[in-house]
Amino acid sequence: MAPLIALVAGTALARLAGLAGVAALDGWHPALRVGLALMFVVTGVAHFAPAYRADMIAMVPPRLPRPDLLVTVTGMLELVGAVGLLVPATARWTAAGLALLMLAMFPANVSAVRRGLTLAGRPATPLGPRTAEQILFVGVAVAISFGA
């Protein structure tokens with residue numbers, strides 16, 4: 001839920017800043033870049049936070065090697081991607097890469113639900129709502145990638 005809140009709140013606040021006169025945020029496209037960047041900061045930091053890291057490692061499908069390394073690398077990619085979204089010259093390519101990253105990581109969410117895992121003591125988000133969130137997140141990344 002925190003990533004969704006970060007995306008929506010970050011986008012809304014950036015759009016309001018644009019309406020208030022911040023030229024760099026004047027429009028929905030730059031506001032979406034800020035919202036998605038904030039979302040990736042939230043999710044990227046979670047890869048390293050003690051309260052989440054062990055659970056995230058456990059989410060990695062068992063057939064994949066070195067789940068600890070995969071969680072570290074994907075967390076780093078998310079954080080670097082958040083920065084790349086805020087740089088207009090790299091935002092489109094970064095958004096495309098992040099969309100692919102989200103698609104590649106989605107099986108970990110499916111695995112977590114199927115195996116009844118928890119994240120910070122709470123059950124993994126059920127597959128229906130998690131899939132809807134993923135469609136939204138990837139859709140926003142695609143919109144940024146192809147946007148103005």
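## A guided tour of the predicted model

Serine 111 has a relative accessibility of 11% and therefore counts as buried, since the cut-off for that class is under 20%. The model in the viewer is a predicted one, and this residue is the starting point of the tour.

**Stop 1: serine 111.** Select serine 111 and find it in helix α5. Which residues does serine 111 touch, leaving out those up to four places away in sequence? They are Met59, Pro61 and Pro62.

**Stop 2: the largest pocket.** Met59 also leads to the next stop, as it is among the residues closest to the centre of the largest pocket. Select Met59 together with Met56, Asn109, Leu119 and Arg130 to mark that centre. The pocket holds about 1000 Å³ of space, and 39 residues line it. Now colour the elements that give two or more residues to the lining: α1, α2, α3 (50–59), α4, α5, β1 (118–119), β2 (122–123) and α6. Which element supplies the largest share of the lining? It is α5, with 9 residues. By type, the lining divides into 27 nonpolar, 7 polar and 5 charged residues.

**Stop 3: arginine 130 and its partner.** Keep arginine 130 selected and add glutamate 133. The two form a salt bridge, in which the closest N and O atoms are 3.7 Å apart. Both residues belong to helix α6, and because they are 3 residues apart there, about one helical turn separates them. Are these two charged residues buried or exposed? Arginine 130 counts as buried at 14% relative accessibility, and glutamate 133 is buried too, with a relative accessible area of 15%.

**Stop 4: the other salt bridges.** The structure holds 3 salt bridges. For another of them, select arginine 15 and aspartate 26, whose side chains meet with a distance of 3.7 Å from N to O. This pair links distant parts of the chain: arginine 15 is in helix α1, whereas aspartate 26 is in the loop between α1 and α2, 11 residues apart. The two ends of the bridge differ in accessibility. Arginine 15 is buried, with a relative accessible area of 13%, while aspartate 26 counts as exposed at 51%.

Next, select arginine 66 and aspartate 68. Their closest N and O atoms are 3.2 Å apart, and they form a salt bridge. Aspartate 68 is partly exposed, its relative accessible area being 30%.

**Stop 5: two positive phi angles.** Remain at arginine 66, which lies in the loop between α3 and α4. What is notable about the backbone of arginine 66? Its phi is positive, at about 50°, although the residue is not a glycine. Then move to alanine 120, in the loop between β1 and β2. Alanine 120 likewise has a positive phi, of about 55°, without being a glycine. At 28% relative accessibility, alanine 120 counts as partly exposed.

**Stop 6: the largest nonpolar core.** In soluble globular proteins, nonpolar side chains tend to be buried together. To examine such a group here, select Leu7, Leu36, Met39, Phe40, Leu85, Met102 and Ile144, which touch the most other members of the largest nonpolar core, a set of 19 residues. Helices α1 (2–19), α2 (28–46), α4 (67–86), α5 (88–114) and α6 (127–146) each supply at least two residues of this core. Helix α5 gives the most, with 6 residues.

Now show leucine 7 alone with its surroundings. Apart from neighbours within four places in sequence, leucine 7 is in contact with Gly35, Leu36, Met39, Leu136, Phe137 and Val140.

**Stop 7: threonine 11.** Gly35 also appears in the surroundings of threonine 11, a residue of helix α1. Leaving out residues up to four places away in sequence, threonine 11 touches Ala6, Trp28, Ala31, Leu32 and Gly35. Threonine 11 is buried, with a relative accessible area of 8%.

**Stop 8: glycine 84.** The tour ends in helix α4, where glycine 84 lies. Glycine 84 counts as buried at 11% relative accessibility. With residues up to four places away set aside, it touches Thr90, Ala91 and Thr94. Finally, draw a line from the C-alpha of glycine 84 to that of glycine 128. These two glycines are 44 residues apart in sequence and 30 Å apart in space.

How values were computed
Residues numbered from 1 in each chain as written. Predicted model: local features only at pLDDT ≥ 70, side-chain atom pairs only at ≥ 80, totals over all residues. Heavy atoms only, no water. Core = buried A, V, L, I, M, F, W, Y, C linked by side-chain atoms within 4.5 Å. Buried < 20%, exposed > 50% of the residue type's maximum accessible area, 1.4 Å probe, protein only. Helix = DSSP H or I, 4+ residues; strand = E, 2+ residues; numbered from the N terminus. Contact = heavy atoms within 4.5 Å. 1 Å grid on protein atoms, 1.4 Å probe; cavity = no way out; pocket = protein on both sides within 12 Å on 5 of 7 lines; lining within 4 Å. Points joined across faces, edges and corners; volume = space filled by probe spheres on them. Nonpolar A, V, L, I, M, F, W, Y, C, P; charged D, E, K, R; others polar. Salt bridge = Lys/Arg side-chain N within 4 Å of Asp/Glu carboxyl O.
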